[in-house]
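Thanks, everyone. I'll put the model up, then go straight in.

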Amino acid sequence: MIKKEMIAMLLAGGQGSRLGVLTAKVAKPAVAFGGKYRIIDFPLSNCINSGVDTVGVLTQYQPLRLNAHIGIGIPWDLDRNIGGVTVLPPYERSGNSEWYTGTANAIYQNLDYIDSYNPDYVLILSGDHIYKMDYEVMLDYHKANNANVTIAAMSVPYEEASRFGIVLTDEDNKITEFEEKPEHPRGNLASMGIYIFNWPVLREALIKMSDVSNCDFGKHIIPYCHEKKLRLFAYEFSGYWKDVGTLSSYWEANMELISLIPVFNLYEEFWRIYTKSDILPPQYISDKAHIERSIISEGTEVYGEVYNSVIGAGVTIEEGAVVRDSIIMKNTDIGRNTRIEHAIIAENVRVGNDVSMGFGDERPSKLDAKIYNSGLVTVGENSTIPNGVRIGKNVAISGNTVAEDYMNGVLESGEYIIKAGDAR
Amino acid sequence: MRAIGIILAGGNNNKMKELSYKRAIAAMPIAGSYRSIDFTLSNMSNSHIQKVAVITQYNALSLNEHLSSSKWWDFGRKQGGLYVFTPSITAQNGFWYQGTADAIYQNISFLKKSHEPYVVISSGDGVYKLDYNKVLEYHIAKKADITVVCKDFPENSDVSRFGCVKMNEEARIIDFEEKPLVASSRTISTGIYVIRRRLLIELIENCAAEDRYDFVNDILLRYKSVKRIYGYKLNSYWSNISTVESYFKTNMDFLKPSVRDYFFKQYPDVYSKVDDLPPAKYNPGSVVKNSLVSSGCIINGTVENSILFKKAYIGNNCTIKNSIILNNVYIGDNTYIENCIVESHDTVRANSSHVGSNGEIKIVVEKNERYGL
């Protein structure tokens with residue numbers, strides 16, 4: 001008989017549209033982070049480090065990279081005879097087939113998967129947060145409180161509280177009230193989107209709420225459980241936790257890794273973060289190179305200068321190039337004498353020689369000022385930038401651009417070039 | 001592929017000094033993130049040899065750890081796989097391997113149970129890329145009994161640590177000298193052989209019946225005029241590690257763009273065990289010039305013309321010059337290291353100095369308490 005005490009369901013189907021061109025072709029959980037990792041590595045590593053060896057990964061938006069990355073789960077030791085990692089895309093059924101319309105709806109459509117493991121508890125995770133957490137400790141807490149639902153929560157500044165689901169608790173951390181993105185928050189304990197449910201409770205709620213359109217944990221399932229006067233508890237988490245849903249928070253979280261002793265430390269022996277890594281040679285730093293306050297991944301060759309940056313694997317930074325305050329992902333080439341400031345450059349990009357990027361005055365983005373707003377230059381994957389062009393701030397570039405795309409060789413601040421059809 | 005592979009990884013060598021006290025040479029770290037056996041294993045895998053035996057006995061701990069999973073080289077399939085043979089005491093035999101031929105003899109059932117017609121034998125300490133299919137085609141075309149992969153060394157180079165061969169114009173080996181004092185030829189044997197499986201079984205069994213144990217002395221040398229032994233010239237990079245100097249030089253070769261390009265960028269790839277280590281970190285004060293840096297390193301000082309293996313920590317205000325820092329080394333602040341090989345898992349105290357002078361490479365073995373510092 002198959003029996004798992006707790007299995008995890010990892011929501012990885014969202015687009016993460018606020019990451020702009022970075023998620024044009026990949027789901028947010030598959031976006032590179034910290035040089036050699038991808039965002040989903042953090043919850044997956046947390047699972048295996050917590051002893052959760054059965055993980056269903058719900059995919060929907062652009063799943064190719066995610067599928068290739070997860071494979072059969074070898075890097076996380078999640079290739080198991082029973083359990084392990086299973087990728088769960090939406091599927092057609094004889095009655096009404098539909099996409100995953102909401103976070104809870106996605107779980108509802110996979111009741112059979114969960115039932116097949118006969119679990120006592122189900123852990124709901126999202127694939128877009130950077131943190132280390134022992135879910136086993138959270139489960140112990142859940143059991144000790146005899147809870148039906150436990151929500152991981154952490155204190156956030158009051159001014160940011162309205163972006164989150166806010167829980168109000170009594171002195172035993174029992175949740176007395178739950179407000180989803182309140183305009184005038186009465187507390188600052190924010191839900192982290194990590195839930196432990198007693199499976200029978202969640203199962204019943206999902207079936208009851210199955211007709212609700214876009215059924216969502218924060219909007220529907222948690223309020224439903226609350227109304228039913230179930231025992232909901234908040235599990236207060238005080239460690240490092242970062243939502244990397246926007247370009248600026250994504251950039252900041254990467255930059256936090258390069259400080260002298262990072263708060264979020266990848267170099268600790270305890271609680272390793274695993275990832276699918278290619279077998280690559282060490283990095284080569286030439287005698288003309290200069291590197292300060294940066295992290296650099298395997299197989300990269302540096303002939304130029306790198307300051308305050310996070311560099312992925314297999315990158316080449318040619319002679320005379322200067323990279324500052326930037327994130328450069330896997331297999332990207334930076335040409336000779338090119339200067340890059342405050343940029344996020346995705347995978348497999350070729351930046352030509354003598355390019356200046358991230359210079360001039362800051363102007364609001366004409367593409368989408370809500371997304372491209374911290375002065376960052378964002379370049380989508382598989383893009384090309386020709387030799388000798390000058391690029392301003394708050395700029396988005398995607399696709400194979402040529403010199404003719406840059407009027408007088410300049411792309412002013414706030415402008416954009418999106419060449420790959422559906423990329424935005 | 002119509003061959004199985006045997007990797008002779010049992011060797012120790014006192015010319016490696018302290019470096020081989022705790023590990024077999026096949027497990028010596030190379031080029032930052034590899035071990036020497038990776039090159040042969042990758043060649044076998046890339047030549048589509050599916051069944052490989054690694055024969056080991058001396059200090060096999062780090063080698064066994066490295067081979068704990070065969071998935072990195074894509075073995076571990078239902079057909080074939082990677083087998084590690086260490087000596088085992090049986091009712092008939094209470095001995096360690098007494099030589100290379102004996103090592104094969106003690107595992108002869110591996111040969112007998114296989115069905116592939118050929119065997120590729122290689123040592124585990126060579127750094128090279130080779131498609132064994134090419135050697136096998138040559139072996140068949142020459143109707144050879146044994147083919148020895150050979151390498152020409154430049155005139156005036158010291159070949160006294162190798163086996164030297166003399167070939168006639170059709171590449172048949174007419175003379176073979178093992179580690180000659182004065183070599184009459186600059187063509188050396190790389191320790192890579194192709195032989196028919198049945199012939200190997202026959203030769204090894206004859207050898208054992210006469211209480212002979214060494215593959216080179218008791219088979220190659222003894223049979224050189226009886227059997228058709230041919231040389232296959234290898235014209236690409238080949239280096240082996242058998243002395244501290246050759247180990248140092250082989251590693252330093254990887255600072256050359258041509259060598260890196262050949263091994264790391266050209267097809268096929270070299271595989272190794274992947275450790276889950278974070279990217280290397282360059283803190284304020286770090287100055288790195290012409291060096292290889294592996295994952296998990298944290299650098300606070302100066303590193304020049306050196307190779308940092310995985311998880312090296314270089315303290316503030318240190319200078320590392322022309323040196324090799326092996327895996328998981330901690331170097332305290334204000335330390336000066338030049339012309340050294342720093343042994344893995346070392347903890348070098350702050351404010352110390354280690355310099356190899358007069359062209360000598362100094363081996364630094366410093367086992368200090370790391371967390372009490």
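Start with B:P268. B:P268 sits in the loop of chain B that links α9 (257–265) to β14. This is a predicted model, so keep that in mind throughout. The peptide bond from B:Y267 into B:P268 is cis, with omega near -10°.

Now follow that loop into β14 of chain B, residues 280–282. This strand pairs with β16 of chain A. The sense is antiparallel, and the pairing runs over three bridges. One register point: B:Y282 in β14(B) is the bridge partner of A:S294.

So much for that pairing. Next, the contact as a whole. How many residues does the contact take from each chain? Chain A gives 40 residues and chain B gives 38 residues. Between them the two chains bury about 3,000 Å², with 54% of it on carbon and sulfur atoms. On the chain A side, A:Y267, A:I279 and A:P282 lose the most area to chain B. Together those residues make up 23% of what that side buries.

Then the polar part. Three salt bridges are counted between chain A and chain B. One of them joins B:K265 to A:E301. Their closest N and O atoms are 3.5 Å apart. Across the interface, 19 residue pairs are in polar contact, both residues at pLDDT 80 or more. In chain A, β14 (283–285), β15 (290–292) and β16 (294–296) each supply at least two residues of the side that touches chain B. That side of chain A divides into 21 nonpolar, nine polar and 10 charged residues.

Next, the sheet. Which strands does it take in, and in what order? There are 11 strands, in an open sheet with mixed pairing. Read it as β29(A)-β26(A)-β23(A)-β20(A)-β17(A)-β14(A)-β16(B)-β19(B)-β22(B)-β25(B)-β28(B). The edge strands are β29 (384–385) of chain A and β28 (362–364) of chain B, each pairing on one side only.

Zoom in on the chain B part. Here β16, residues 291–293, runs parallel to β19, residues 307–308, and two bridges join them. B:V293 stands opposite B:L308 in β19(B). Helix α8 of chain B, residues 244–253, lies across β19, β22 (324–325), β25 (340–342) and β28 of chain B. Against β25(B), the helix runs at about 85°.

Last stop, back in chain A. A:N348 lies in the loop between β25 (343–345) and β26 (350–351). What is notable about its phi? Phi of A:N348 is near 55°, a positive value in a residue other than glycine.

That's my tour. Over to you.

Terms used: Residues are numbered from 1 along each chain as its sequence is written. Chains are lettered from A and ligands numbered from 1 in the order in which they are written. This is a predicted model: local features need pLDDT of at least 70, side-chain atom pairs count only at pLDDT 80 or more; totals for chains, interfaces and linings use all residues. Side-chain values use heavy atoms; hydrogens and water are left out. Contact means heavy atoms within 4.5 Å. Buried area is the accessible area (1.4 Å probe) that two parts lose on being put together, summed over both. A salt bridge is a side-chain nitrogen of Lys or Arg within 4 Å of a carboxyl oxygen of Asp or Glu. A polar contact is a pair of N or O atoms within 3.5 Å; within protein, one must be able to donate a hydrogen and the other to accept it, and residues adjacent in sequence count only if both atoms are side-chain atoms. Helices (H or I, at least four residues) and strands (E, at least two) are DSSP runs, numbered from the N terminus. Ala, Val, Leu, Ile, Met, Phe, Trp, Tyr, Cys and Pro count as nonpolar, Asp, Glu, Lys and Arg as charged, and the others, Gly among them, as polar. Two strands pair if DSSP finds at least two bridges between them. Axes are lines fitted to C-alpha atoms, for helices over the stretch in contact, and angles run from 0 to 180 degrees between N-to-C directions.
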